[in-house]
Amino acid sequence: MKIKADILLLLAGLLLITLLFGLNLLIGDVHIPWSDITTLLSGGEVEQKTWSYIVESRLNRSVAAVFSGAALAVAGIILQVYFRNPLAGPGVLGITSGASLGVAFVILGGAGAASIAGGIGIIAAGIIGAMAVLALLMFVSRFVHNPVTLLVLGLMFGYFTSAIINVLFLWANLDDTREYVLWGLGSFEGISTENLIVLVSVIGLFLLMAVFLIKPLNALVLGSEYASSLGVNLKTTKLLVISITGVLAAVVTVYCGPISFIGVAVPQLVRILWTSKNHTVQIPAVIILGAILALLSDITVRLSGNSLPLNTVTALIGAPVIIYTIIKLNKRLA
Amino acid sequence: MKYSPVLLFFCFLSAGCVRHQQQNSASSKIAEIHDTVVVKYAEGFDVNYYDGYLALISHSIRQNSFFADTLFLQTDPLKADSSMSYLSRNLNSIACQSSTHIAFLDLLNELDVVTGLCGMEYIQNVAVHEKLQKNGTLEICPGEQVSIEALQKLNPDLFLIYPFETTGKEKYNASGITSFYIAEYLETTALARLEWIKLFGVLMNKVNEANAYFEKVETEYLQLKRAPVDSARTFILNLPFKDNWHMPSANSLVVNLFEDAGLRYYYPETGLTENDLHSKEAVWNDALFADYWIIMASRPAGFSMADLVAEEPAYAGFKAVIQNQVIFCNTATSNYFSSGIAEPQVMLKDILFATGQLEDHEPEYFFLLN
């Protein structure tokens, strides 16, 4: 019965994504009838020339929200299981900050996102930055076994990279600084179709790769020694964890900015809503819930007349979940 | 004796309530105004002549902010009230918070007194930049903030500041630096903004030169000005930041400048003083109908229409883009910020030329994007 309920919940989640996706296409300052939206989506033409661009823009941001939310949530659950810490996540452990540092080097160095060299450079620098922080964290984790200490170290890495970014501001001009600050607020807006194809392809590929982690993650819940005794190759698992979470967090950060809270909060919500502890259920569940939360956040941003930054909305949703988790964790440890 | 702690408390309280004077006691004295500088367009300053001295007054002009500042200068030491403190008539050293202040001083041929400046790198005018460097003008705003230490080291006779932050003036006063608010950017017309040259003329003892320059530009500008506005030729402004498109107020300087060229703003109901926030997609929709698109932005030299459309393919559907009526001011390569303020008639000519209302003109600030 429990499995049935979990599957029903997954299906309900998929239905909700479809509804929110449709809503995100429909709402906006320009009223475009649903019939015109479907005409445009099916390759047809409508009388108003700019409507095709408006619908394309709404479509791109909705797709970006679905994939980015899913990516951050999957990265979050993998890190939480690997570090055996419910508060771990790409933002908390400094991985997002690492990606931000890479992006800052490119943007504040003068190669804006608009240029081709800048565009490719930003992606590469973001991925390198994210994976460097994650690799450093894993190296440190060999000597530091206390998960709380590891979290604090992740936060310190985040502060350290932020400090370097602040130093970079000294040499940047006003336009580059403004571009970086706007990027830092997070947004699913403004992703071109070409960039969206890259985002969707990379995230899609690494979400598929996450399937290979289902069995190791199920074993790692009980500890690395137990996982090893079950035949889990810890070295390969570690490599997969670095690659998958690093790339997922970096790609989202590069294209949408450092989006906070989704990576930490979604796995917690999944543990509350879904009964199964099996990652065969939990991984699809975080994908669906991550997409829902990201879409909801984007809709909220748009309904606020774009006056609320995306990170403000994700914080409003995510912070209470994290506070609840900390209280629950505290009770368990008491 | 048992009341002494209470008494002491009230003593401290009353001491804390003493209102610190911004200038000196003269402002509270009733003095007869003998003469004033005629100000035709500007709303943010006054110059009043009293017996033996004059007062430069700078003040807010809108309800959404309040500030006022007064500076006293002696005109006749024998008649001037000796209990007041005056700024020297022979200024040897001035620090400026903005490049627009430099524009006024340059017009009066007084760049030599500029010893400190915020944002040297933003002075696009090569001649002015070279002159300032040659004079050893010091950058006083490393990291976009005024460095009090640099300012103290410089110890200028006067620091011309913007009233952006109320605590700034207090900090400068506490450091022994005389400062004065220059808020020409709040004016809503190009002529009103230029008229601040009259205040600089008084300050630098070059009243006649300042008045002559202003009158010359005013005459030329009014001759060029088109009226009434042609409601058939509409324009939109600026570029979006991510999803937001900030449209200047219908009563802003830039809107009035383009309306002086006979064009009509697409958003005439936009707030009186503040920018209005529009969503990107709403402006995309409106741009189907707006005849002209005015862009003032920093872009590489040689920026073209193709580059603009490459930034956002949706622009290809804009009426102004289709009809090649995008009027562009490249703030990275033109002197818009440093000398545009001094030449509103040239900017108006540029716009008239770009809109086909003037022939034989070499654009300096605004040109049609190709």
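Four salt bridges are counted between chain A and chain B, where a salt bridge is a side-chain nitrogen of Lys or Arg within 4 Å of a carboxyl oxygen of Asp or Glu. One of them joins R302(A) to E281(B), with 3.5 Å from N to O. The side of chain A that touches chain B draws at least two residues from each of α3 (49–82) and α7 (174–184) of chain A. Its largest share, eight residues, is supplied by α3(A). Sorted by class, that side of chain A has six nonpolar, seven polar and eight charged residues. Here Ala, Val, Leu, Ile, Met, Phe, Trp, Tyr, Cys and Pro count as nonpolar, Asp, Glu, Lys and Arg as charged, and the others, Gly among them, as polar.

A word on conventions before going further. This is a predicted model, in which local features need pLDDT of at least 70 and side-chain atom pairs count only at pLDDT 80 or more, while totals for chains, interfaces and linings use all residues. Residues are numbered from 1 along each chain as its sequence is written, chains are lettered from A and ligands numbered from 1 in the order in which they are written, and side-chain values use heavy atoms, with hydrogens and water left out.

**The contact between the chains**

Chain A puts 21 residues into the contact and chain B puts in 20 residues, contact meaning heavy atoms within 4.5 Å. Together the two chains bury about 1900 Å², of which 56% is on carbon and sulfur atoms. Buried area is the accessible area (1.4 Å probe) that two parts lose on being put together, summed over both. Between chain A and chain B there are also 12 residue pairs in polar contact, both residues at pLDDT 80 or more. A polar contact is a pair of N or O atoms within 3.5 Å; within protein, one must be able to donate a hydrogen and the other to accept it, and residues adjacent in sequence count only if both atoms are side-chain atoms.

**Salt bridges within chain B**

Over all chains, the structure holds 15 salt bridges. Three of chain B are set out here.

| Pair | Closest N to O |
|---|---|
| K131(B) and D112(B) | 3.8 Å |
| K198(B) and E195(B) | 2.9 Å |
| K319(B) and D291(B) | 2.9 Å |

The pair of K319(B) and D291(B) links distant parts of the chain, 28 residues apart: K319(B) lies in helix α12 (residues 319–322) of chain B, and D291(B) in the loop between α10 (280–286) and β14 of chain B. Helices (H or I, at least four residues) and strands (E, at least two) are DSSP runs, numbered from the N terminus.

How covered are these residues? Buried means under 20% relative accessible area, exposed over 50%, and partly exposed in between (1.4 Å probe, protein chains only). K319(B) is partly exposed at 24%, whereas D291(B) is buried at 10%. Both partners of the next pair are buried: K198(B) has a relative accessible area of 7% and E195(B) has 0%. K131(B) is partly exposed at 33%, and D112(B) is exposed at 52%.

**Two sheets of chain B**

Strands β1-β2-β3-β4 of chain B, in that order, form an open antiparallel sheet of four strands. Its edge strands are β1 (35–36) and β4, each pairing on one side only; two strands pair if DSSP finds at least two bridges between them. Strand β2 (residues 45–49) pairs with β3(B) in the antiparallel sense over five bridges. Within this pairing V47(B) stands opposite L56(B), and Y49(B) stands opposite L54(B). The hairpin of these strands has three residues between them, and G52(B) takes a positive phi near 90 degrees there. On to the next neighbour: seven bridges join β3(B) to β4 (residues 68–74) of chain B, again antiparallel, with A55(B) partnered by F72(B). Strand β3 (residues 53–59) is mostly covered, six of its seven residues being buried.

The other open sheet has five strands in the order β12-β10-β14-β15-β16 of chain B, and its pairing is mixed. β12 (264–265) and β16 (367–368) are the edge strands. Strands β14 (residues 292–297) and β15 (residues 326–330) run parallel and are joined by five bridges, M296(B) having C329(B) as its bridge partner in β15(B).
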